[in-house]
Amino acid sequence: MAVTADSAGEDITMKKNNDIKTILNENRMFAPSDEFASGSHIGSREEYDTLYHQSIDNPEQFWDRIANELHWFKKWDRVLNSENAPFFSWFDNAKTNLAYNCVDRHLGSALRNKAALIWEGEPGDQRILTYWELYREVNKFANALKNLGIKKGDRIAIYLPMIPELAISMLACARLGAVHSVIFAGFSAESIRDRVNDCQARMVITSDASWRKGNILPLKNIVDEAVAECPSIRDVVVVRRSPASTFPCHIKEGRDHWYHRLIESVSMVCPAEEMDSEDLLYLLYTSGTTGKPKGIIHTTGGYMVYAYLTMKYVFDIKPEDVFWCTADIGWVTGHSYVVYGPLINGATCVMYEGAPDWPDRGRFWEIVEKYGVSILYTAPTAIRTFMKWGAEWPAKFDLKSLRLLGTVGEPINPEAWIWYHKIIGGERCPIVDTWWQTETGGIMITPLPGCIPAKPGSAGLPFFGIEVDILTDEGKPADAGYLVIKKPWPGMLRGIYGDQDRYKNTYWSKWPNVYFPADGARRDDDGYFWILGRVDDVVNVSGHRIGTAELESVFVEHKGVCESAVIGVRHEVKGQALVAFVTLREEFKVHEDFEQELADWVTAKIGKFAVPEKIIFTADLPKTRSGKIMRRLLRDIADGTALGNITTLADPSVIASLKTKYEED
Ligand code: WTA
């Protein structure tokens, strides 16, 4: 575990001093209206307390009851098995299928003809799939996959833009028991290659192109480049997204298949595979403290139950709602709250392909008005961007259909919270600030909308079954320190693909029997949690996790770079931004555009979203006598705050020159 005094302990104190100053002044409470509360699934604090205590005192009974609301081909022998902790298992020996629960389960009711997915493409094209139509499309594609030899347990990488085929592909995999690994379409060829090779995927599903701000990006070319170095890939399925006549796409005979051809003549009935509750459902790669992204494992039964219940209660979902989660499905939020959570609840879900400012800055609000969106779930970075763009954009549209708002991915500052509340929510919509992670599968801490008054900037109280605490380094309970989860929960990760030691060491070894998410937090007198951000070397840029070690190793792979240190600094809109300090090889001749060259290098190695805000070239890096880079000092310099204790520096003059250098840039 890379939590050291340098990266974590001091960081918490530092964050505490800065962040707590703002949030300590934040005493405002926003309770839901009586009307909202009385109509909601959990409408009073008493009800929350009762259910919460049941879920903590008797978790097996609680989850047994919830799981019974879903379809199982065979029920479990026991709810929770902790014999092999931290390798917990849920719903032992039960058989189910997540795609069946998301789609087939609804076909016998009025939901059959209800919109499951309302999709809008960036150019303005639109597709609405009812549950029946989704059933048909999922079955057809599942049969097409079968025809290509896909079977239970095969890994399939999905590299698609936000188009209906992305959700259909995931559901088709789940239907067959194939394990999907969705790769965000902003990742580079090298990132695809590494993920595919790590999980030995045998197929990639992609599209010829994707739309972004009016431009067509050639996705398939990126996949071609990646799979040239992926011996496990046998087939590539290509969805046509561009106008066929204008955008050429190379199809490699024998390996590449057009999606629309594959589904042309297949049956629209494909039985759902009976999956064991603990069979793999998906892998999702996320950044950690070392150079290599980890393949987070989620399995079938527990994830399903947890996505179902969090969706139902946190978003208070009702049959008449139109739910819009703006996250890309390439991240976990899209898995749990664009695809699985909404569908398993029989909800209507909006999916939008493109940029929020295309063709203009009113696009999101136009979509809310057009489809009558009633629940909007987005990221603080997006809200801060909308704030910058000005209230005149949402003012052009009728947003009265909205009744509930949510945020996710990063701490929200009270100012952005209030803006969201006033300008978007018209002061009538509760806001659920939801704390969770790729690893947790679903929402863990949030003020449930009908019963817990929200405090701007606080993620509120734990969800059912989630026992949260805050510990000091020594493992003592405290009001501020490390956030921990003290009980297993159904949606929890089951490990890291191919590296279960890393799973144990990363999440379960800081204190015995306690899950450590690597976030700092504070608890106030009302028991509300205030998340202070990561305490490891992961930076959260616009809600995207980027491992500083991963980025550092990318820099030093460049022939001109000798050493590098990457840190996160505060950013007004993105929450945090990356700053890279780079030392160059003496013999290397730097040209004028070298900073751009390094930015392109990062784009090629990881993706554009990982390019640092600033790259600072320096003669040396500040190090302790033992040679450890003093990140805290770099952070102080980049933040422009006072210098810390530099007596441990091998060469204190480095700092002075760094500081000057930073201020010049
Ligand atoms: C951060 C995204 C503050 C946190 C669902 C966590 C948050 C990381 C919040 C996980 C929130 C997520 N308030 N911080 N409401 N939600 N985070 O895996 O640092 O992409 O550890 O999952 O985002 O990011 P991930």
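1. Let me start with the ligand: one of its nitrogen atoms lies 2.7 Å from a backbone N or O atom of Thr-434. Please keep in mind as you read on that this is a predicted model.

2. Two further polar contacts are worth a look. On the oxygen side, a polar side-chain atom of Arg-545 sits 2.7 Å from an oxygen atom of the ligand. Pro-411 takes part through its backbone, with an N or O atom 3.5 Å from a ligand nitrogen atom.

3. How much of the ligand's accessible area does the protein cover? On its own the ligand has 520 Å², and the protein covers 97% of that. Helix H12 (332–344), strand E20 (431–434) and strand E27 (529–534) are the elements that each give two or more residues to the shell.

4. You may want to display the shell by residue. There are 17 residues around the ligand, and those that come nearest are Asp-433, Thr-434, Thr-438, Asp-519 and Arg-545. By character, the shell splits into six nonpolar, six polar and five charged residues.

5. Now for the wider setting. The domain assignment divides the protein chain into domain 1, made of 2–98 + 301–532, and domain 2, covering 534–664. Their C-alpha centres are 31 Å apart.

6. Where does the ligand lie with respect to domain 1 and domain 2? Both domains give residues to the shell around the ligand, so the ligand lies between them.

Methods:
Residues numbered from 1 in each chain as written. Predicted model: local features only at pLDDT ≥ 70, side-chain atom pairs only at ≥ 80, totals over all residues. Heavy atoms only, no water. Domains from an automatic or database assignment. Near = heavy atom within 4 Å. Polar contact = N/O pair within 3.5 Å; in protein donor to acceptor, adjacent residues only side chain to side chain. Areas by Shrake-Rupley, 256 points an atom, 1.4 Å probe, with all protein chains shown as cover. Helix = DSSP H or I, 4+ residues; strand = E, 2+ residues; numbered from the N terminus. Nonpolar A, V, L, I, M, F, W, Y, C, P; charged D, E, K, R; others polar.
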